[in-house]
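I set out to record what I looked up in this structure, entry by entry. The sequence and the model come before my notes.

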Amino acid sequence: MKKTVDVSLPIGPVHPCFKEPARIKCSTAGEHVLSAEIELGYVKKGIERIMRGRPWQEVMFLAERICGICSVIHNMVFIESVERISDIKVPKRAAYLRVIVNELDRIQSHLLANYSYCYTIEHETLAMYLLNLRETAMDQIELITGARVTCAYIIPGGVRFDLSKESEKSLLGALEKIEKDLIRYNRMFESGPLISLRSRDVGILSKEDVKESHAVGPTARASGINIDQRTNHPTYQDLGFKPIVRDSCDNYGRIMIRFDEVFQSIELIRKCLEKMPDGLIRGGGEVGAGETTWIGEAPRGELTYRVRTDEYGRIIDIAIQTPSIMNIEACGHYMLKGVDSAADVTATFISSDPCIACNER
């Protein structure tokens, strides 16, 4: 009988290229990957169970602790869910401030994802440039919200702090620096021969595979699927937001689309600063009983909250669907299958920007 599987290759759960623990189990013939399975469950938090029965004031802080890389969007989607339940209106200025902080969070998340990929393919120079540039975005988040990661900036009916003229000037200067440096780094990635060798036509996820696996976010948009939940958000609609799509379907496309989206986030923040009126940043309101489902666009794709509250604003039931659930499935079933080198397994996995903390909420 012909032997088709030479080696069962386990990678992880602890690996120098992984930000969080996960195990990839590959069946290979030589170095060609025949099939792959991604095993999770090393850092399960059970946070949805902890949320049930607690008042929204406590759950708000728990929501942003689901993930340290995209905490702002968890804060935003949860608060917008309770606002929809209770018909709480948000002042225009606060709505634009929410978008500014959310896009700064997207910039730092995308730069971190691309840093991880460059580090994985051993282009450490570009990796360190990107990690250093991320600090500029993190500094601006801290300047506006008072904290770098768990800032609890968005509250029912508005935001906690206004943006002063001095902070606005600092933000515009930071955006100019990020844009100027990123033009250079984008060119380095786009034209680097090592990067091309390690990234083009590697980790293929076709348009049909995306539809089959329900992949979302930059992972889907790099395969030609025009899907972005920001198109359904009223503030983004005011800004004339349109998704960016590429069609190379490989590791190269997934990294390039994150570079594209950082430039897009910079433009969105500038538009917010131009259009943002003076006025209140908190409209007030009281959280009551009801049930809703609300979806936001996290840096990795669709983030869904299903929330049910009682008349005192306590969370009776909550379910959270994070984008990495679908993207990791797409990676295991389609992107890793057919990879020609064991060294490209980790690079392909990292190119989908998996968030284990979100998955194991």
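**Notebook: annotated cysteines and the sheet**

I located Cys-67 in the loop between α2 (56-64) and α3 (71-86). The model I consulted is a predicted one.

I then checked whether Cys-67 is buried or exposed. Its relative accessibility is 1%, under the 20% cut-off, so I entered Cys-67 as buried.

I listed the contacts of Cys-67, setting aside neighbours within four places in sequence: His-74, Cys-355, Ala-357 and Cys-358.

I looked up the record next. The unreviewed UniProt entry carries the annotation "binding site" for Cys-67, Cys-70 and Cys-355. These residues span 289 residues in sequence, but no two of their C-alpha atoms are more than 9.4 Å apart, so they gather at one spot.

I turned to Cys-355, which I found in the loop between α13 and α14 (356-359). Cys-355 is buried as well, its relative accessible area being 1%. With neighbours within four places in sequence left aside, Cys-355 touches Glu-20, Cys-67, Arg-300 and Ser-324.

I followed α13 (residues 343-351) and noted that this helix lies across β1, β2 and β3, running at about 135° to β2.

I examined the sheet itself. Its three strands are arranged in the order β1-β2-β3, with antiparallel pairing, and the sheet is open. Since β1 (7-11) and β3 (32-39) are at the edges with a single partner strand each, one side of each has no neighbour in the sheet. I noted an average twist of 20° from one strand to the next.

I closed with the pairing of β2 (residues 23-29) and β3, which are joined by seven bridges. Cys-26 stands opposite Ala-36 in β3.

Note on methods: Residues numbered from 1 in each chain as written. Predicted model: local features only at pLDDT ≥ 70, side-chain atom pairs only at ≥ 80, totals over all residues. Heavy atoms only, no water. Pairing = 2+ DSSP bridges. Helix = DSSP H or I, 4+ residues; strand = E, 2+ residues; numbered from the N terminus. Axes fitted to C-alpha atoms, helices over the stretch in contact; angles between N-to-C directions. Contact = heavy atoms within 4.5 Å. UniProt positions renumbered as here; feature names shortened; annotations may be inferred. Buried < 20%, exposed > 50% of the residue type's maximum accessible area, 1.4 Å probe, protein only.
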